[in-house]
Amino acid sequence: MATTEIVVAPTSTPATAVQYRGVALLPNGKWRAYIVSRDGQVVDVGEFGTATAAALAHDRAILAVLGPGTCAAVLNFRAAFSDTELRFLRGRHAPARPSGVVAMVKLSADGSYDTELSRFASHAFDAYMDPELALDVANFRFAHSDMLRQLKEKVVITAGTTADQETCAKAKLDAEREAFVQAAKNKATDELWVERYHHRRQQSGRTFEDENRWPITMPTIDVNVDWFPGEELIYLPHGSCYVDEMIVRKDLIKNTEPDTHMHDDLLI
């Protein structure tokens, strides 16, 4: 599936023009979202009040058809999608076949899509026996451990000293579930996030393949790292706000025979 870039939509910054894929301005002032199949067939994805909403509908339709492995280059807001929404759009957890999901996206202007996504995220949080969904919840808890700890503390304070242990545990679990549901929502529905997203893309001058981990600032080229002769500094393509690096010995890569002077725990 392919898309075309045919329209320039204004953002909140007057001097900035954003080129969205699969979006066209209609005579009535609304924005039409569409996708184009490999044979050139245009599939309508609905009409929306803003170019951003239409661009998001285009992305959702593309991901429903091609899945989460879709290259970010054919999307408008790859970084806006949570892992939970990606599962909702395509795969065994999706509520329907790709054509059914696209039909849901087409009617998403009334908020029905977001309602169904929130319902799915709430169910996913409690799906302890599903390994994929349980992994998403575990990753969420790990990535937001500090925020969740503060949230639970506030919940306990709100419950009061008279609340028993079972009541407090349920209140903390409910708060954690609600935080997971909020995190599953698409970030492109937030106008401030969209503005910052375009600003980062203009500053970086490139599109990250893994935009789910967009850096706040581009990492500096000069990084002071201690390594020994014969070792090479390799940057991992995660794009996180931290400098991800791995020091690898060149001789370990080139030599097929293990070094007899190396410790057993260093053998690879």
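Across the protein, pLDDT averages 76, and 69% of the residues score at least 70. The structure is a predicted model, and its two weakest stretches are worth flagging before anything else. Residues 1-16 have a pLDDT below 50, although the model gives this stretch 45 contacts beyond near neighbours in sequence. Much the same caution goes for residues 207-227, where pLDDT stays under 50 and the model has 43 contacts beyond four places in sequence. Where pLDDT is low, the predicted coordinates should not be read in detail, so the contacts of residues 1-16 and of residues 207-227 are best left at that.

A handy place to start is the sheet. Three strands make up an open sheet in the order β3-β4-β5, and the pairing is antiparallel. β3 (23-25) and β5 sit at the edges, each pairing on one side only. From one strand to the next, the twist averages 30°. Between β4 and β5, which run antiparallel, there are five bridges. As for individual residues, I35 has V43 of β5 standing opposite. Strands of a sheet pair through backbone hydrogen bonds, either parallel or antiparallel. The sheet also has a helix lying over the strands: α1 crosses β3, β4 and β5, and runs at about 20° to β4.

Side chains add a further link between two of these strands. R32 and D44 form a salt bridge, with N and O 3.0 Å apart. R32 belongs to strand β4 (residues 31-36) and D44 to strand β5 (residues 42-48), so the pair, 12 residues apart, links distant parts of the chain. Are these two residues buried, or partly exposed? R32 counts as partly exposed because its relative accessibility is 27%, and D44 is partly exposed too, with a relative accessible area of 27%.

Next come the helices, beginning with α3. Four residues of α3 are buried, namely V101, V102, M104 and V105. They span an arc of only 155° around the axis, which means that they lie on the same side of α3. What do the buried residues of α3 pack against? Their partners are β5, α1 (51-66), α2 (83-89) and α4.

V102 gives a closer look at this packing. The residue lies in helix α3 (residues 98-106) and is buried, because its relative accessible area is 11%, under the 20% cut-off. Leaving aside residues up to four places away in sequence, V102 touches A61, A64 and V65. V102 and G46 are 56 residues apart along the chain, yet their C-alpha atoms are separated by 9.7 Å.

In helix α4 (residues 112-125), L117 can be looked at in the same way. With a relative accessibility of 3%, L117 counts as buried. Beyond residues up to four places away in sequence, L117 touches E85, F88, A184 and K185. T84 lies 33 residues from L117 in sequence, and the two are 8.5 Å apart in space, C-alpha to C-alpha.

Back to charged pairs: the structure holds 15 salt bridges. Some of them sit within a single helix. In one of these, E153 pairs with R149, and the closest N and O atoms are 3.4 Å apart. Both residues lie in helix α6 (residues 145-159), four residues apart, or about one turn of the helix. An α-helix has 3.6 residues a turn, so residues three or four places apart point the same way. E153 is partly exposed, at 43% relative accessibility, and R149 is partly exposed as well, at 43%.

Helix α7 (residues 165-184) offers another case. There, D174 and R177 form a salt bridge, with N and O 2.8 Å apart. What separates the two along α7? D174 and R177 are about one helical turn apart, because they are three residues apart in the helix. Their surroundings are not alike: D174 counts as partly exposed at 31% relative accessibility, whereas R177 counts as buried at 16%. Other salt bridges share partners, and these join R87, R92, D130, E132 and D136 into one network.

How values were computed. Residues are numbered from 1 along each chain as its sequence is written. This is a predicted model: local features need pLDDT of at least 70, side-chain atom pairs count only at pLDDT 80 or more; totals for chains, interfaces and linings use all residues. Side-chain values use heavy atoms; hydrogens and water are left out. A salt bridge is a side-chain nitrogen of Lys or Arg within 4 Å of a carboxyl oxygen of Asp or Glu. Buried means under 20% relative accessible area, exposed over 50%, partly exposed in between (1.4 Å probe, protein chains only). pLDDT is the predictor's confidence in each residue, from 0 to 100. Contact means heavy atoms within 4.5 Å. The arc is that of the directions from the helix axis to the C-beta atoms. Two strands pair if DSSP finds at least two bridges between them. Axes are lines fitted to C-alpha atoms, for helices over the stretch in contact, and angles run from 0 to 180 degrees between N-to-C directions.
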